[in-house]
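Hello,

Here is the structure I promised to pass on. My notes follow below it.

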Amino acid sequence: MPNLGPMTHDTPNPTAPVGQWRRCMIYGAYGYTGELTARLCRRRGLKPILAGRSAEKLEALATEVEMPYRVVGLDDGAALDAALADVDIVIHCAGPFSRTAEPMVDACMRTATHYLDITGELAVFERCAARDAEARAAGIMVMPGTGFDVVPTDCLAAHLKRRLPSATKLELAFKGIGGGMSRGTATTTVENLSKPSVVRRGGELTEVRSGSMSRQVDFGRGPRHTMGIPWGDVSTAWHSTKIPDISVYTAVPRSVRYGVLASSFVRAVFALRPVQRFLKARVNARPAGPSAAQRDKALSVCWGRVEDDGGGVAEATLKTPEGYTLTARASLDIARRVLQGDFSTGYQTPSSAYGPDLILDIDGTERVDTV
């Protein structure tokens, strides 16, 4: 198990009573982000239940951080229900969520357990949103995307909507400075190589050719080239703001965008099983994710702009800690609120449940209105 190191420069948020965290489960705790979250709990004196399917990996981590653990797979519904029987909320960290979210959400519905996850996968957001009525009937909150995907961008979208309530067009963009990508994120990226990009137009999800969208974005140090991607906000920002036209971009060199544009002609190749196996083997040969030193030096910057039909404009930037660090902090902050009884039932986005300023509770975050 990699030593992810301490999460430095972390100012603990006020927490629910320590004893209440015994009713919180971190599933996939020995994965890269799950382990970061567990170690942050240790720093804060919290003892949630760690869970996952690998007894060996789970026992090693649980012993080190001195937390209780439960070995359970997602393919055994009865065992999963039993593991969640005395749990109030689960933070689901085991991806790819396109395969793992549904069985965990099913179990949460059956056991009346609040569900959080750290996905950025568009299809997962849409599937969770479709279960809003079911979640309300179960008396639980279902909130995917409680990390860098999509807490900062969702809160930025809601902030801009608050500034310009008549907005009909939303553009979001982000870039990381330093840091890196975990194996889990890289695996999800590989699985999505064969898929087109997605935007929202007229309130409807619309496929567009990968690499076909670009714009110049000033993240604070002059214009940067960005490329359109099917980020989760294409789904979540719609539920948060009801703005009908939404596009999301990420900063990349022009050469990367042109490569993606060219590869969109051969998407079927990336979908082939031998190609997927080869690419995933390359991913598994990489480090588990950015080191503690890399995370400590890195940061992320988000940009957003809204326009209305009358020419009104609002624009803002949001600077946050490195993405994986933010994910651990944001997930625990939202779990704390739920344990304190502060939640709304049904499908929720971070800003629909807690408002545009939720992100400002994360230490190291700064928002600036630029227009």
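Is the crossing of helix 4 and helix 5 left-handed or right-handed? The crossing of helix 4 and helix 5 is right-handed (clockwise turn of the near helix from the far one by less than a right angle; anticlockwise would be left-handed).

First, the ground rules. This is a predicted model, where local features need pLDDT of at least 70, side-chain atom pairs count only at pLDDT 80 or more, and totals for chains, interfaces and linings use all residues. Residues are numbered from 1 along each chain as its sequence is written, and side-chain values use heavy atoms, with hydrogens and water left out.

Helix 4 and helix 5

The axes of helix 4 (residues 97–111) and helix 5 come within 9 Å and cross at roughly 20°. Helix 4 is therefore roughly parallel to helix 5 (angles under 35 degrees). On helix 4, the contact (heavy atoms within 4.5 Å) uses Phe-97, Ser-98, Ala-101 and Val-105. Helix 5 supplies Val-124, Arg-127 and Cys-128. By class, that contact has 5 nonpolar, 1 polar and 1 charged.

Thr-119

Thr-119 sits in the loop between strand 5 (114–117) and helix 5 (122–129). Thr-119 is buried (under 20% relative accessible area, 1.4 Å probe, protein chains only), at 0%. Its side chain reaches the backbone nitrogen of Glu-121 at 3.0 Å. Not counting residues up to four places away in sequence, Thr-119 touches Phe-97, Val-124, Phe-125, Pro-144, Gly-145 and Asp-149. Phe-97 and Val-124 also belong to the contact of the two helices above.

Helix 7 and helix 9

The axes of helix 7 (residues 151–163) and helix 9 also come within 9 Å, but cross at roughly 40°. That makes helix 7 oblique to helix 9 (35 to 65 or 115 to 145 degrees). This crossing is right-handed. Helix 7 brings Thr-153, Asp-154, Ala-157, Ala-158 and Lys-161. Helix 9 brings Asp-233, Thr-236, Ala-237, Ser-240 and Thr-241. The classes here are 3 nonpolar, 4 polar and 3 charged.

Helix 9 (residues 233–241) has these buried residues: Asp-233, Val-234, Ser-235, Thr-236, Ala-237 and Thr-241. Just after helix 9, Lys-242 takes a positive phi of about 60°.

Val-217

Val-217 lies in strand 10 (residues 214–218). Val-217 is buried, with a relative accessible area of 1%. Leaving aside neighbours within four places in sequence, Val-217 contacts Ala-173, Gly-222, Pro-223, Arg-224, Thr-226 and Trp-303. The C-alpha atoms of Val-217 and Phe-174 are separated by 9.1 Å, at 43 residues apart along the chain.

Best wishes

Technical notes: Helices (H or I, at least four residues) and strands (E, at least two) are DSSP runs, numbered from the N terminus. Buried means under 20% relative accessible area, exposed over 50%, partly exposed in between (1.4 Å probe, protein chains only). A polar contact is a pair of N or O atoms within 3.5 Å; within protein, one must be able to donate a hydrogen and the other to accept it, and residues adjacent in sequence count only if both atoms are side-chain atoms. Axes are lines fitted to C-alpha atoms, for helices over the stretch in contact, and angles run from 0 to 180 degrees between N-to-C directions. Ala, Val, Leu, Ile, Met, Phe, Trp, Tyr, Cys and Pro count as nonpolar, Asp, Glu, Lys and Arg as charged, and the others, Gly among them, as polar.
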